[in-house]
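Visitor: Could you help me learn to read a protein model, one feature at a time?

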Amino acid sequence: MASPQPRVGVVTYPGSQDDRDALWALAALDAEAVPVWHEERELPDLDAVVLPGGFSYGDYLRCGAIARFSPATTAVCEFAEAGGLVLGICNGFQILCEAGLLPGVLLRNESLRFVCRDVPLVVERDDLPFTSRCATGQTIVIPVKHGDGRWFAPPELVRELEANRQVVFRYAEACNGSVDDIAGVCNERGNVLGLMPHPEHAVDPLLGSADGALILASLVEAARKRVLALI
Amino acid sequence: MKATVLVRPKQGILDPQGDAVESALGHLGFSVSEARVGKVVDLEVDASDATEARVQVERMCEQLLANPLIESFEVEIHG
């Protein structure tokens with residue numbers, strides 16, 4: 001029997017930009033990539049969800065502050081609550097923080113400049129559904145492109161996150177002024193991850209790096225295992 | 001009823017916009033030792049009195065207008 005194709009949804013908000021790249025990358029990694037419109041109150045039958053990058057609702061007020069109230073985000077929160085796998089990339093990460101699914105907040109880059117370049121990232125743990133194809137301590141190269149990527153949390157919260165091993169990716173060199181160079185964090189349960197760098201833009205050597213595929217293929221594999229567990 | 005919400009970056013939060021403003025004011029010859037940049041939201045609230053308006057606007061701040069991790073807010077009701 002051919003291995004089942006997991007269904008991975010990608011939410012499109014007004015102002016999303018990287019939804020199509022995410023759909024393309026997931027399909028290239030052998031998932032059935034399912035577009036989800038922001039007005040959908042119920043998610044279709046999915047094994048994982050990706051919130052893509054962009055500027056949802058113009059990023060008015062604060063990045064992700066308005067998208068947090070969209071019907072699809074409410075459905076994604078319920079999906080995560082039930083243990084579903086959720087990956088937020090860039091603006092998706094900002095939305096997950098505003099929605100309270102992930103700790104912290106993303107602020108204007110320390111330099112006040114938009115940063116758009118490949119960055120080396122250190123993988124802090126490889127025991128998550130999002131990092132199973134990586135190795136702890138490994139450095140991977142993935143592009144960032146953001147003006148508001150400086151992750152912040154108060155010191156006591158950072159200590160708690162470190163103790164719970166919720167820091168998943170760290171910039172190997174200064175990038176935007178994030179606390180402790182944190183580039184990606186997960187929730188305590190480990191089924192929701194957010195990161196500022198864009199794995200979907202690094203899934204083929206032609207794009208400069210294929211390291212992003214390590215993250216997305218981990219997600220597709222974890223989603224596939226969930227399908228198999230149901231058969 | 002008119003209301004104004006002032007949203008400020010909390011003390012201790014790095015505010016690069018404020019730093020840039022401070023530096024620009026210095027270039028203009030002003031002596032400024034700190035600048036912090038926040039937001040103003042002017043609202044027209046449907047409420048019967050100032051107390052009710054204040055309760056409503058404070059709830060708006062908690063739910064949307066300010067992020068408690070990084071911002072403090074102040075509500076002014078203008079009657």
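Guide: Let us go through confidence, sheets, helices and contacts in turn.

Visitor: Where do we start?

Guide: With confidence, as this is a predicted model. The model as a whole scores ipTM 0.87 and pTM 0.94. Chain B averages a pLDDT of 96, and 100% of its residues score at least 70.

Visitor: Where in chain B is confidence lowest, and where is it highest?

Guide: The lowest mean, 96, belongs to helix α1 of chain B, while strand β2 (residues 39-44) of chain B is highest at 98.

Visitor: Now the sheets. What holds strands together in a sheet?

Guide: Strands of a sheet pair through backbone hydrogen bonds, and the pairing is either parallel or antiparallel. Chain B offers a good first case: three strands form an open sheet in the order β2-β1-β3, with antiparallel pairing. At the edges are β2 and β3 (71-77) of chain B, each pairing on one side only. From one strand to the next, the twist averages 20°.

Visitor: How many bridges does β1(B) make with β3(B)?

Guide: Seven, in the antiparallel sense. To find one of these pairs on screen, look for B:Thr4, whose bridge partner in β3(B) is B:Glu76.

Visitor: Which helix packs on that sheet?

Guide: Helix α2 (residues 50-65) of chain B does, touching β1, β2 and β3 of chain B. Its direction makes about 160° with that of β3(B).

Visitor: What is the strand order in the open sheet of chain A?

Guide: Nine strands line up there as β2-β1-β3-β4-β11-β10-β9-β6-β7, and the pairing is mixed. The edge strands of that sheet are β2 (32-37) and β7 of chain A, each with pairing on one side only. The average twist from one strand to the next is 25°.

Visitor: In which sense do strand β1 of chain A and β2(A) pair?

Guide: Strand β1 (residues 7-12) of chain A and β2(A) pair in the parallel sense, over six bridges. Within this pair, A:Val11 stands opposite A:Val36. Antiparallel pairing appears in chain A too: strand β6 (residues 115-123) runs antiparallel to strand β7 (residues 139-146), and eight bridges join them. Strand β6 of chain A is also joined to strand β9 (residues 167-171) of chain A, by three bridges and again antiparallel.

Visitor: Which residues stand opposite A:Leu121 in β7(A) and β9(A)?

Guide: In β7(A), A:Leu121 faces A:Ile140. In β9(A), the residue opposite A:Leu121 is A:Tyr171.

Visitor: Which strands of chain A does its helix α1 lie across?

Guide: Helix α1 (residues 19-28) of chain A lies across β1, β2 and β3 (48-51) of that chain, running at about 170° to β1(A).

Visitor: Let us try a single residue. Why is B:Ile13 called partly exposed?

Guide: Counting neighbours gives the reason. A residue is buried with 20 or more other C-beta atoms within 10 Å, and exposed with 12 or fewer. B:Ile13 has 17, so B:Ile13 falls in between. You will find B:Ile13 in the loop between β1 (2-9) and α1 of chain B. The C-alpha atoms of B:Ile13 and B:His78 are 30 Å apart, and these residues are 65 apart along the chain.

Visitor: Last one: how many residues of chain B are in contact with chain A?

Guide: Eight residues of chain B, and they touch 10 residues of chain A. Helix α1 (residues 16-27) of chain B gives the largest share of that side, three residues. By class, the chain B side has six nonpolar residues, two polar and no charged ones.

Note on methods:
Residues numbered from 1 in each chain as written. Chains lettered and ligands numbered in written order. Predicted model: local features only at pLDDT ≥ 70, side-chain atom pairs only at ≥ 80, totals over all residues. Contact = placed C-beta atoms within 7 Å. Helix = DSSP H or I, 4+ residues; strand = E, 2+ residues; numbered from the N terminus. Nonpolar A, V, L, I, M, F, W, Y, C, P; charged D, E, K, R; others polar. pLDDT = per-residue confidence, 0-100. Pairing = 2+ DSSP bridges. Axes fitted to C-alpha atoms, helices over the stretch in contact; angles between N-to-C directions.
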